[in-house]
Amino acid sequence: MPDTQGKTIILGVTGGVAAYKAAELARLWIKAGHGVQAVMTDAAMHFIGPATFQALTGRPVLTDLWGATGDGMDHIHASRHAEVIVVAPASADFMSKLAQGRADDLLSTLCLARACPLAIAPAMNREMWANPATQRNLARLRQDGIMIIGPDAGEQACGETGPGRMSEPAAIFDAVETLLGPKPLSGKTVLVTAGPTFEPVDPVRGLTNLSSGKMGYAIAQAAKEAGARVLLVSGPVCLDAPAGIEKISVTTAQEMFATVMHCVNDAQLFISVAAVADYRPAQTATQKIKKTGKPLSLELLPNEDILASVASLPKPPFCIGFAAETENLLDHAEVKRKTKKLPLLVANLAQNVLGRDQAELVLLDDSGNHPLAKADKLTLARQIVSHAIELFNLSKSRQI
Ligand code: CTP
């Protein structure tokens, strides 16, 4: 039985080589003063013994649906005293069980019976990770509001290299602290734009760019984790909105502009991540343009700058911009920050970021430049949002 005096973190361990890293995670939580209740699947015990977790957490490890209390209710008792359940490593098989809502062992039953947040740190071979079945399960878990931590890419236990390595214990620790931590944006609305826009040339062609939307969606998730109501205005991307986020899909820059202007009065923060097309074709042909073998010119009209328009409203929300540059990063970015009158701008080299899972960024504000080390986009998004919250609070306190 878990400690009934206080809430605990339930550490679920499933079968995978990374199970040994879960011991380090348990140690970090104990060191930080959390109670930890380890729950292991049969497969996990092929990789690491329960005695390790028992010694680290000071509690007997739960392994059996029909175990300790004798009333067959461990799944209810344990989950009612949990502040969060963290499954690390989460195997492909366990993700599939969670996605289907199956409950055929203690850990999966506990997850199904929970009344608390659930986070998982997937770990598996890169082909298992890339398999459409796993990706389908992943999308479902995200939709169900389960926090996904990692995985990292790199050398794997099987000798192959690619995505599927469990995130390092320190990164999982940080992500869970965020989940459990204070909600500084509670009661606030954050408006986020994400993805590219698509400017039609004719019914089958258009002008767009390489933005995948990953950074914008990560920012939306980080703002949600910080307790905000999040409105996400998204250009065409192949991503599902994180759970609990209000997504409005748009196609063109003009649609994005109109939607942002419609929503902006509700927002205290505006984070403009979208790679908005600066120009659109002056005319969109109603039928497919046929080739003639001769040069073809397109007349382009400038689109509104959405961020600059929001920032120059009489009562603008706190505005955060992004700058995608291909050269002279800091100089160009600082000019953009000043021209658009932004308290915070996130600068990146477009060729190192667009469409990728990881990025290296610099934050520019009135106090100077703050480089963020290379990391996955969600980790960076959490850092950006927490920096923005600091500046936002500072700006509020100055207004008082
Ligand atoms: N942006 C916007 N509306 C536009 C163009 C850009 O809201 N029509 C926003 C982007 O979301 C980003 C910031 O402005 O937050 C900077 O975008 P970026 O494409 O880097 O620069 P531009 O302002 O378009 O300038 P340039 O293309 O000349 O670098």
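**Exercise 1.** In this predicted model, find which helix and which strand each supply at least two residues of the shell around the ligand, and work out which element gives the most.

*Solution.* Start with the helix: α11 (306–311) supplies at least two shell residues, and so does the strand β16 (318–325). Next, weigh the contributions: β16 comes out on top, with four residues. Now look at who gets nearest to the ligand: of the 14 residues around it, that's Ser272, Ala274, Phe322, Lys336 and Lys340. Last, sort the shell by class, and you get seven nonpolar, two polar and five charged residues.

**Exercise 2.** Track down polar partners for the ligand's oxygen atoms at Ala274, Asp278 and Lys340, then check how much of the ligand is buried.

*Solution.* Take Lys340 to begin with: an N or O atom in its side chain sits 2.6 Å from a ligand oxygen. At Ala274 the partner is a polar backbone atom, 2.7 Å from an oxygen of the ligand. For Asp278, look to the side chain again, where an N or O atom is 2.9 Å from a ligand oxygen. Now the burial: on its own the ligand exposes 570 Å², and the protein buries 78% of that.

**Exercise 3.** Which pocket does the ligand take up, and what lines the largest one?

*Solution.* The ligand's space is the second largest pocket. Turn, then, to the largest pocket, with a volume of about 1300 Å³. Its lining runs to 37 residues, with Arg142, Gly150, Asp376, Lys377 and Leu378 nearest the centre. The largest share of that lining, six residues, is from α8. Split by class, the lining has 18 nonpolar, eight polar and eleven charged residues.

Definitions and conventions:
Residues are numbered from 1 along each chain as its sequence is written. This is a predicted model: local features need pLDDT of at least 70, side-chain atom pairs count only at pLDDT 80 or more; totals for chains, interfaces and linings use all residues. Side-chain values use heavy atoms; hydrogens and water are left out. A residue is near a molecule or strand if one of its heavy atoms lies within 4 Å of it. A polar contact is a pair of N or O atoms within 3.5 Å; within protein, one must be able to donate a hydrogen and the other to accept it, and residues adjacent in sequence count only if both atoms are side-chain atoms. Accessible areas come from the Shrake-Rupley method with a 1.4 Å probe; for residues, only the protein chains shown count as cover. On a 1 Å grid over the protein atoms alone, a cavity is a set of points where a 1.4 Å probe fits but cannot get out, and a pocket is an open set with protein on both sides within 12 Å along at least five of seven lines; lining residues have an atom within 4 Å of a point. A molecule sits in a cavity or pocket if more than half of its atoms lie within 2 Å of its grid points. Ala, Val, Leu, Ile, Met, Phe, Trp, Tyr, Cys and Pro count as nonpolar, Asp, Glu, Lys and Arg as charged, and the others, Gly among them, as polar. Grid points are joined across faces, edges and corners, and a volume is the space filled by probe spheres set on the points.
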